[in-house]
Structures are given as C-alpha cells and as structure tokens.
Amino acid sequence: MLKEASKQYSQKGKLILLILTGTISWSWTMVKSGWFYSSLGKSGPGLGFWGANGHDGIVHIALAESLSRGSFAIPFFAGSAIQNYHIGFDLILAFLHEITFIPTVNLYFQILPPVFALLVGLLTYKFVLEWSGSEKAATWSVFFTYFGGSFGWVLEKGESAFWSQQSISTLINPPFALSLILLLLGLILLQKLERQVSPLNLVFCILIFGILIEIKAYAGVLTLGALLISGLYSLAFYKNSLLLKVFTGSLLLSLILYLPLNHGAASLLVFQPFWFLETLMGMADRLNYTKFYSAMLSYRSGHNYLKAIPAYLVAFVIFWVGNMGTRIVKEFEIFKWIKNVKRLSLVQVFIASVIVAGGLIPILFLQKGTPWNTIQFFYYSLFFSSILAGIVISRVKSKILLVLVLLTTIPTTILTLKDVYIPARPPAMLSSDESTALSFLSKQPEGVVLTKPFDQIAATAAENNPPRPLYLYASTAYVSAFSKHQTFFEDEINLDITGYNWQERRSQILDWYHEKDQRVKRGFLTQNNIKYIYWLRGGDSPLSLQDLGLSNIYENNLVTVYRVE
C-alpha cells in the first residue's frame with residue numbers, strides 16, 4: 001500500500017514539474033517583451049520586443065485599446081470598421097483591461113501567457129486522462145503538447161524549416177492558445193455528453209464550439225467540419241443524432257458571431273494547390289533543394305504526371321514528417337483506428353477529422369495578401385498529433401527508446417529559446433523618446449493621428465543593426481497601440497491580410513508630404529478629420545505650422561507632435 005502511494009506521489013510530482021517547466025518555457029517567448037529596459041545596447045533605453053512580438057503583439061494591443069474605448073473601427077485605418085478578423089481574444093483583452101485597470105501591454109505579454117500555458121497543460125492532462133484512462137498517457141501527451149517540435153534542428157534550421165511553427169511558439173499567437181483551451185474544454189464536455197445526455201452540457205458544448213470561430217477562425221472551421229463528420233459517423237454507425245444537434249447549434253452560433261464582421265472572408269481564400277510543398281523545397285530559408293524544386297515545377301507545367309505525382313508525394317511526406325518530428329509515432333495509433341474504422345469513438349473521429357483537414361486545407365488553399373497564413377490550419381493537426389503521440393509513447397516499455405524520444409523531441413524548444421528569446425538584445429524596440437511622446441499623446445483628446453508610411457528601404461538598411469526601432473522593423477500599428485488613438489494609416493501587413501484597399505491611401509499620404517501647395521495640404525487634413533501629426537524628426541520638416549494651422553504640442557529629441565487646429 002505504501003509502495004503504491006509512493007508511486008502515485010512520484011507520478012503527481014513528475015506531472016507538476018512537467019507542467020511548470022512547460023509553462024515557463026512557453027511563457028518565456030512572451031514575458032520579456034513589452035517591458036521598459038534601462039539599456040538596450042547602443043540604442044539606449046526603451047521597450048524591447050523579441051520574436052514576432054514586434055509586430056503581432058502590437059496589433060493585438062492596438063485592437064484591444066480601441067475595443068476598450070467602445071469602438072469597432074479598425075484602429076490603424078481611420079474611417080473603416082473591423083472586417084475579416086476574429087476579435088474574440090481582443091475583446092477579452094479589452095474587457096480585462098477595463099475591469100482590472102492593468103495596462104493592456106502587461107496583460108498581453110506578462111499575465112495572460114502563463115495563465116494560458118498553465119491551462120493548456122492542465123486541460124490536456126484532464127482530457128487525455130478521461131479519454132484514455134491512463135495517467136501515463138496523459139502525462140506524455142502533456143510533454144508533447146509543450147515540447148513537440150519539428151526535425152528542423154537536424155538540418156540546423158529553425159522551428160519553421162518545414163513551414164509550420166511548433167509548440168514552443170504557441171503563445172506568440174494568443175488567439176491560437178485560447179482556442180486550444182476552448183477546444184479541450186469542449187471535448188471534455190463532449191465526452192461527458194457521450195456518456196450521459198445532459199441539456200446543460202449540450203448547451204455548454206454548443207456555446208464553446210460556437211464561439212471558437214470568433215476566437216480563431218481556423219479553429220472554428222476545423223471544429224465545425226469535425227463535428228459534422230463525427231455527427232454523420234455517429235448517426236450512421238450508432239443511430240445517434242446527438243452530435244448533429246451539437247453541430248447545428250454550433251454552426252448557427254458561429255454564423256451569428258462571424259458574419260457581421262467577416263462577410264467577405266471567403267473571398268480571401270484562393271485555390272492554389274501545392275504552394276507550400278513547392279516553396280518548402282525551393283525557398284532559401286526552408287529546405288533550399290533547388291534541383292528538386294525545379295523538377296517539380298517542370299513536371300507539373302509539362303503535364304508529366306508520371307513524374308509529377310511521385311515528386312509531389314515525396315515533398316508532402318517531407319512536409320508531414322519534418323513538421324511532425326517525433327510526433328510522427330502517432331501514425332501507429334492512426335493505423336489502429338483505420339483497421340477498426342466502424343467502431344471508433346466520437347472523439348477519435350473528431351480528432352482524425354481535424355488532423356486530416358488541418359493538413360489538407362493549406363496544401364490546397366492560400367490566403368490573399370499573406371499566402372502562408374493558411375498554415376495555421378496545420379497548427380491544430382500538430383496539437384492533436386501531440387496528444388496521440390503521448391498515447392503511443394506511453395505504451396513503450398524500453399527506457400532507452402523513451403530517452404531517445406526525449407532527446408530528439410526537445411532540441412526545437414531549446415534552440416528556439418536560445419536563438420530567438422533568450423538573447424539580451426531584442427530585434428525590435430520602442431525607444432524611450434517615442435514611448436514618452438506616445439504616452440503624452442495618449443492623454444490628449446480623441447482624434448485621428450497621421451503618421452508617415454513605413455519605409456521598407458530604410459528598414460532593410462537597418463537590418464544588421466538590432467535592435468531596430470519599431471518604425472524601421474516592420475509596418476506595425478505601434479502608434480495606435482501606444483497612443484491609444486486611431487491612426488490614419490498603419491500596419492500594411494494586417495490591412496493586406498484582412499482585405500482593405502490600403503495602397504491608394506498610402507500613395508495619398510506620400511503625395512501629401514511632397515505637396516508644395518499649403519492649401520491642398522490643409523484640405524487633406526480637414527477632409528480626413530486628422531487631429532494630430534506624429535512626426536519623427538530627421539531632416540527638414542515639410543510642415544508649415546502657420547499655413548497648415550498646426551500647433552506644436554510636444555517635442556523631444558526624436559518626436560514632434562502637432563495638433564491640427
């Protein structure tokens with residue numbers, strides 16, 4: 001009895017250590033960003049941003065700040081409403097900011113990441129334990145969920161060498177992390193519903209699966225598809241229509257939430273099969289196998305299908321295995337399901353549907369503006385593959401094999417942290433001068449802010465001198481995010497992704513800066529309801545205070561803020 005109790009205590013201890021280690025590892029990709037540092041090398045003091053946080057984090061902060069002001073306007077494209085974007089996470093961020101008074105930047109970078117990481121680990125364990133009945137399987141599933149990685153390290157390349165981001169970068173995409181929490185909660189409820197029908201559980205299932213599409217559209221699409229397939233399977237083999245009720249309710253709720261802001265979203269998807277496979281082989285920051293890439297294109301354009309089909313199959317296998325890493329062992333579980341295809345549980349059908357669809361959609365479809373965005377469907381294939389890999393590995397008895405799995409799984413996490421998030425010097429920063437200027441602007445009455453468009457040529461010239469100021473890092477919404485005002489034009493990247501016609505406005509602003517006629521310049525400001533001009537000093541200012549009716553309301557070594565009277 002004492003021996004059994006000791007064994008249970010040891011198992012719980014390992015689980016706690018695993019979840020804490022996973023939570024710290026995931027959170028490390030976020031918590032350093034957004035803090036003020038007294039020194040960032042030669043660049044002096046300022047806010048540092050590591051990894052993708054110098055762009056992706058900024059847009060969420062801008063949106064949350066705007067939503068907290070009760071506005072559904074796009075905060076970095078004045079005069080337009082939010083469109084083709086899932087705002088669920090940003091609404092939650094805005095709500096938390098309003099009720100706690102904690103700055104949005106700290107909620108986003110320091111508080112929510114460890115909470116999300118902890119919840120993903122705990123819920124993964126609970127879900128797998130209830131599903132498999134095995135503590136060992138649940139623990140291994142948690143391990144793969146936190147530390148699963150690609151085989152990019154074998155090629156001495158980064159985590160996305162085979163295109164997809166890996167587990168360590170989950171929190172870089174907070175809506176993705178939140179969608180995993182909801183998915184796990186929904187599946188836990190679904191299992192209870194499968195065992196005993198409960199009207200309350202049915203409502204909660206519909207609610208959770210229904211709101212997913214506004215948290216992360218990719219998750220919503222995959223979940224609705226998986227519910228439909230699982231429901232039809234249940235009806236065909238078990239004569240049970242319960243899951244179809246869950247699907248119908250979730251679909252209706254999804255449409256109610258999604259359509260008002262995303263009426264044109266379907267047009268953003270473009271049928272362009274095998275782009276990921278071709279670029280995987282041909283791009284320098286992927287495999288860079290140019291001979292294979294040229295051969296693929298030659299076979300396809302020449303309709304030589306006897307050679308094209310095997311070539312593309314090989315590329316797909318490389319894509320699949322390379323991204324899966326050690327999670328590829330999950331195929332043993334999939335083979336068992338295929339052999340027993342008429343007696344699968346609803347959870348098995350659901351997971352299989354997500355894995356297949358998550359891999360198939362990006363292979364066939366791209367997104368306008370930013371074609372690689374559809375790879376986010378595949379993130380869910382990797383997540384559920386982590387769970388299945390844990391179940392498979394839990395059955396392995398050989399300690400040597402288990403150690404080998406550990407040693408070949410964690411390099412992606414270690415190398416990504418080491419190369420991207422641990423270095424003291426960040427790739428992007430917001431200088432103390434800009435931070436102070438934006439803080440001053442945030443206290444001014446509401447009004448549209450005009451900023452100069454992102455200069456790609458200047459940004460490229462500054463690439464080898466990190467940390468780069470945000471205005472030379474990427475086209476971001478940082479002025480909107482930190483001034484808490486709507487800007488006339490920022491963040492070309494997200495405007496492109498969400499389908500705004502931004503090119504004309506960019507040209508208008510550049511023309512305005514070079515316009516000699518001060519009456520025309522003044523007319524532009526008044527016609528577009530511009531209240532402030534955020535001017536980064538450098539060279540002679542083309543702005544005439546008297547002719548344009550401007551007041552200089554703030555000035556430091558880098559920034560001048562003008563108010564349009």
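Are phenylalanine 489 and tryptophan 502 buried or exposed? In this predicted model, phenylalanine 489 is buried, and tryptophan 502 is buried as well. The two residues form an aromatic pair that is stacked, with 6.2 Å from centre to centre and 25 degrees between the planes. This pair links distant parts of the chain, since phenylalanine 489 belongs to the loop between helix H20 (478-483) and helix H21 (492-497), whereas tryptophan 502 belongs to the loop between H21 and helix H22 (503-514), 13 residues apart.

A pair of aromatic rings is described by the distance of the centres and the angle of the planes. Across the whole structure, a search finds 40 aromatic pairs. Among them is the pair of phenylalanine 143 and phenylalanine 144, which is edge-to-face, with 5.3 Å from centre to centre and 75 degrees between the planes. Phenylalanine 143 and phenylalanine 144 are both buried, and ring pairs link them with Trp26, Trp140, Tyr146 and Phe147 into a cluster. Aromatic rings also take part in contacts with charged side chains: the charged end of arginine 505 sits over the ring of phenylalanine 77, 3.9 Å from the centre of that ring, and the charged end of lysine 521 sits over the ring of tryptophan 512, 4.4 Å from its centre.

The pairing of strands was examined next. An open sheet of four strands follows the order S1-S2-S5-S7, and its pairing is mixed. Strand S1 (36-37) and strand S7 (468-469) stand at the edges of this sheet with a single partner strand each, so one side of each is left without a neighbour in the sheet. Strand S2 (residues 46-49) and strand S5 (residues 428-431) run antiparallel and are joined by four bridges, with leucine 47 standing opposite leucine 430 in S5.

Strand S10 (residues 559-564) pairs with both strand S8 and strand S9. Strand S8 (residues 530-536) is paired with S10 in the antiparallel sense over five bridges, and here isoleucine 533 stands opposite tyrosine 562 in S10. Strand S9 (residues 550-555) likewise pairs with S10 in the antiparallel sense over five bridges, and the bridge partner of asparagine 552 in S10 is tyrosine 562. Strands S9 and S10 form a hairpin, with three residues between them. Five of the six residues of S10 are buried, so this strand is largely enclosed by the rest of the structure.

Empty space inside the model was considered last. Rolling a probe the size of a water molecule over the atoms shows where empty space is left. A search of the whole structure finds three cavities of 30 Å³ or more. The largest cavity holds about 110 Å³ of space and is lined by 13 residues, of which Ser167, Thr170, Phe176, Tyr379 and Phe383 lie nearest its centre. Helix H6 (174-195) and helix H15 (376-393) are the elements that give two or more residues to this lining, and H15 supplies the largest share, four residues. By character, the lining of the largest cavity divides into six nonpolar residues, six polar residues and one charged residue.

The second largest cavity holds about 50 Å³ of space. Its lining is made up of Val59, Leu63, Ile74, Phe76, Ile82, Tyr85, Asn494 and Thr498, and these residues divide into six nonpolar, two polar and no charged.

Note on methods
Residues numbered from 1 in each chain as written. Predicted model: local features only at pLDDT ≥ 70, side-chain atom pairs only at ≥ 80, totals over all residues. Heavy atoms only, no water. 1 Å grid on protein atoms, 1.4 Å probe; cavity = no way out; pocket = protein on both sides within 12 Å on 5 of 7 lines; lining within 4 Å. Points joined across faces, edges and corners; volume = space filled by probe spheres on them. Nonpolar A, V, L, I, M, F, W, Y, C, P; charged D, E, K, R; others polar. Phe/Tyr/Trp six-rings, centres within 6.5 Å; stacked < 30°, edge-to-face > 60°. Buried < 20%, exposed > 50% of the residue type's maximum accessible area, 1.4 Å probe, protein only. Lys NZ or Arg CZ within 6 Å of the ring centre and 35° of its normal. Pairing = 2+ DSSP bridges.
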